[in-house]
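Q: I would like to go through this structure with you, one topic at a time. Could we start with the record and then move to the geometry?

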Amino acid sequence: MSLVKAKKHLGQHFLTDKGIANRIVEALVNTDKYNQVLEVGPGMGILSDFLLQRKDLETYLVDIDTESFHFLNEKYPQLGDRLINGDFLKLDFDAIFPGQFAIIGNFPYNISSQILFKILDNRHKVVEMVGMFQKEVAQRCAAPAGNKEYGILSVFLQAYYKIEYLFTVKPGTFNPPPKVHSAVIRLTRNEVETLDCDEKLFWRVVKAGFNQRRKTLRNAVSAVMPKDKMDDHIYFEKRAEQLTVADFVALTQHVSKLMGA
């Protein structure tokens with residue numbers, strides 16, 4: 001089999017360190033909740049080799065790169081239709097997985113936020129995710145309130161998942177090496193089915209708050225509701241990065257009440 005060439009337009013940086021690959025696969029720990037796992041962008045299969053050794057998991061692979069697909073089809077003929085040549089962002093999870101499942105991958109950095117929002121949109125099915133991201137994105141996901149990295153992605157993910165920053169990975173462990181450090185994080189679904197507020201309004205309030213993160217929420221949230229409808233609630237005098245997920249839920253409840261008044 002000829003080796004697959006990494007393609008810049010697909011954001012491919014193939015992991016070459018088997019020790020790190022094994023650590024990533026071993027980080028899938030909540031298998032009492034699922035027995036199927038989908039690997040995104042397997043490339044030449046360095047993670048897949050370890051995934052397929054796990055008897056507790058039924059492994060699926062999806063890669064948009066046709067060259068990778070043909071390489072993997074030859075390498076793992078036993079997979080059959082569990083090897084998918086397609087775009088992860090367009091996959092219909094309900095058509096593939098009857099129940100809950102996990103996602104794993106050394107993700108293309110150019111679509112990392114889209115991958116995370118796809119997971120959020122399917123949070124009823126994706127109960128665990130272990131993934132490699134650009135270090136800054138990983139830090140942003142795991143950042144607590146009050147941290148300069150804390151932002152829209154932090155709030156949305158932390159509303160529905162426990163997030164753990166597992167370890168940092170140096171550029172030299174990839175081919176070709178990226179120009180940045182990378183990091184592996186784990187998302188574990190929490191018990192929140194629905195937030196205790198209007199979820200669509202919650203998303204609007206959070207986005208408005210961080211879109212003007214240097215301003216107080218009185219000014220930033222004016223994109224959602226007129227200032228003359230606001231009262232003297234303490235949250236309006238704070239900046240978005242100072243509010244926890246629970247604070248944003250409470251703020252959304254308050255905004256909803258004021259807007260209905």
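A: A remark on terms comes first: UniProt positions are given in the numbering used here, feature names are shortened, and annotations may be inferred rather than shown by experiment. Please also keep in mind that this is a predicted model.

Q: Understood. Which residues does UniProt list for the domain "Ribosomal RNA adenine methylase transferase N-terminal"?
A: The UniProt record, an unreviewed entry, lists residues 20-191 under that name.

Q: How much helix and strand is there over residues 20-191?
A: That stretch is 31% helix and 28% strand. The C-alpha atoms at its ends are 30 Å apart.

Q: And which residues come under the "binding site" annotation?
A: According to the unreviewed UniProt entry, the annotation covers H13, L15, G41, D63, D87 and N106. From this set, H13, L15, G41, D63, D87 and N106 are part of the lining of the largest pocket.

Q: Let us take L15. Is L15 buried or exposed?
A: With a relative accessible area of 7%, L15 is buried, because the cut-off for buried is under 20%. L15 belongs to strand β1, which spans residues 14-15.

Q: What is L15 in contact with, leaving aside neighbours within four places in sequence?
A: The contacts of L15 are I20, A21, I24, I46, L47, N106, M132, T173 and F174. One of them, N106, is also covered by the "binding site" annotation in UniProt.

Q: And D87, where is it placed?
A: D87 sits in the loop that runs between β4 (83-85) and α4 (93-96). Its relative accessible area is 23%, so D87 counts as partly exposed.

Q: Changing topic: which peptide bond is cis?
A: The bond from N175 to P176 is cis, and its omega is near -10 degrees. P176 lies in the loop between β8 (174-175) and β9 (182-189).

Q: What about P177, where is that one?
A: P177 is likewise placed in the loop between β8 and β9. Neighbours within four places in sequence aside, P177 is in contact with H13 and P171. Of these, H13 is named in the UniProt "binding site" annotation.

Q: How far is P177 from M129 in space?
A: Their C-alpha atoms are 24 Å apart, with the two positions 48 residues apart in sequence. For P177 and R218, 41 residues apart along the chain, the C-alpha separation is 44 Å.

Q: Where is R218, and what does it touch?
A: R218 is found in helix α9, residues 217-220. Beyond neighbours within four places in sequence, R218 is in contact with K227, M230, D231, D232, F236 and E237.

Q: Now the helices. Why is α7 described as largely enclosed?
A: Helix α7 covers residues 152-160, and 7 of its 9 residues are buried, so the rest of the structure largely encloses it. The buried residues are L153, S154, V155, F156, L157, A159 and Y160.

Q: Which elements do those buried residues of α7 pack against?
A: They pack against α5 (112-121), α6 (135-142), β7 (161-169), β9, α8 and α10.

Q: How do α8 and α10 pack with each other?
A: Helix α8 (residues 199-211) and helix α10 (residues 245-260) meet at an angle of about 110 degrees, and their axes are 9 Å apart. The two helices are therefore roughly perpendicular to each other, since angles of 65 to 115 degrees fall in that class. From α8 the contact involves L201, F202, V205, V206 and F210, and from α10 it involves V245, F248, V249, L251, T252, V255, S256 and M259.

Q: How many of those contact residues are nonpolar, polar or charged?
A: The contact of α8 with α10 has 11 nonpolar residues, 2 polar and no charged.

Q: Two loop positions to finish. Is G146 buried or exposed?
A: G146 is exposed, at 55% relative accessibility, and is placed in the loop between α6 and α7. G146 and T244 are 98 residues apart in sequence, and their C-alpha atoms are 8.4 Å apart.

Q: And E191, buried or exposed?
A: E191 counts as exposed, with 70% relative accessibility. It is in the loop between β9 and α8. From E191 to L91, the C-alpha distance is 25 Å and the sequence separation is 100 residues.

Terms used
Residues are numbered from 1 along each chain as its sequence is written. This is a predicted model: local features need pLDDT of at least 70, side-chain atom pairs count only at pLDDT 80 or more; totals for chains, interfaces and linings use all residues. Side-chain values use heavy atoms; hydrogens and water are left out. Axes are lines fitted to C-alpha atoms, for helices over the stretch in contact, and angles run from 0 to 180 degrees between N-to-C directions. Helices (H or I, at least four residues) and strands (E, at least two) are DSSP runs, numbered from the N terminus. Angles under 35 degrees count as roughly parallel, over 145 as roughly antiparallel, 65 to 115 as roughly perpendicular and the rest as oblique. Contact means heavy atoms within 4.5 Å. Ala, Val, Leu, Ile, Met, Phe, Trp, Tyr, Cys and Pro count as nonpolar, Asp, Glu, Lys and Arg as charged, and the others, Gly among them, as polar. On a 1 Å grid over the protein atoms alone, a cavity is a set of points where a 1.4 Å probe fits but cannot get out, and a pocket is an open set with protein on both sides within 12 Å along at least five of seven lines; lining residues have an atom within 4 Å of a point. Buried means under 20% relative accessible area, exposed over 50%, partly exposed in between (1.4 Å probe, protein chains only).
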